[in-house]
Amino acid sequence: MSQHEQDKELQLIAQQTQNWVERVIMKYNICPFARREVERGSIRYSVIDESKMHNVLEALIKECKRLDDNPELETTLFIVPRGFEGFYPYLDLVDVANDLLIEQGYEGVYQLASMHPDYCFDGEPMDEPSNYTNRSPYPLLHIIRESSMEQALASYDDPESIPERNIEFTQRKGSDFFAKLLSQCMEK
């Protein structure tokens, strides 16, 4: 694959992920804080063209440093399309990445939210509709500024109700509805 083809593929992955944020997460208010950042253009979509854990982790720390240096960027969707397609290897990545953030002095600065095409909450069946609140087009780590999250939660009435509302909504709509939405985000 030529560099040009590779760049186009990475751009497509970023676009498909942005489609998901706008057409699912924002449109259906899965994350009530997403709309503001989409409208401000403060979400960075960073596609990591690595598949080995140590390279992905190195890129993760570089992305945290980018956020350090660019306060106008609110958050990064750190997309890892290769190497972590399986949910369990992805969960290993999440665990090691969280440990690395602590080791690198980012505890209390950034937190990671996890999304994956096969996301499944512990103890839930794979076809449980609520899993779609964390199902994304590609494996990704959402790097969130903790200070911003604290501010957003403080200004939101009853933030504890968000997961309950999402579970109720996804169960009402059903897995097929969300599977179709997710596949539509992948269209070119």
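**View 1. Ser-175, a buried residue of helix α7.** At 16% relative accessibility, Ser-175 counts as buried, a label given here to residues under 20% relative accessible area, with exposed meaning over 50% and partly exposed in between (1.4 Å probe, protein chains only). Ser-175 lies in helix α7; helices (H or I, at least four residues) and strands (E, at least two) are DSSP runs, numbered from the N terminus. Before you zoom in further, note that this is a predicted model: local features need pLDDT of at least 70, side-chain atom pairs count only at pLDDT 80 or more, and totals for chains, interfaces and linings use all residues. Residues are numbered from 1 along each chain as its sequence is written, and side-chain values use heavy atoms, with hydrogens and water left out. The side chain of Ser-175 reaches the backbone oxygen of Asp-127 at 2.6 Å. Setting aside neighbours within four places in sequence, Ser-175 is in contact (heavy atoms within 4.5 Å) with Asp-127, Glu-128, Pro-129 and Tyr-132.

**View 2. The two sides of α7.** Joining Ser-175 as buried residues of α7 are Phe-178, Leu-181, Leu-182 and Cys-185. Seen down the helix axis, the buried residues fall within an arc of 130°, so they line one face of α7; the arc is that of the directions from the axis to the C-beta atoms. These buried residues pack against α1 and α6 (161–173). On the face turned away from the buried side, look for the exposed residues Asp-176 and Lys-180.

**View 3. Strand β4 and its partners.** Here 6 of the 6 residues of β4 are buried, so this strand is largely enclosed by the rest of the structure. Leu-140, His-142 and Ile-144 point one way from β4, while Leu-141, Ile-143 and Arg-145 point the other way. In a regular strand the side chains alternate between the two faces of the sheet. Strands pair if DSSP finds at least two bridges between them: 5 bridges join β2 to β4, and 6 bridges join β3 to β4, with both pairs running antiparallel. Leu-141 in β4 stands opposite Phe-78 and is also the bridge partner of Ser-114.

**View 4. The largest nonpolar core.** This core has 28 residues, and Trp-20, Val-21, Val-24, Tyr-45, Leu-77 and Ile-79 are those with the most contacts inside it. A nonpolar core is a set of buried Ala, Val, Leu, Ile, Met, Phe, Trp, Tyr and Cys residues joined through side-chain atoms within 4.5 Å. Elements giving two or more residues to this core include α1 (3–26), β4 (140–145) and α7 (175–185), and the largest share, 8 residues, comes from α1.

How values were computed. Polar contact = N/O pair within 3.5 Å; in protein donor to acceptor, adjacent residues only side chain to side chain.
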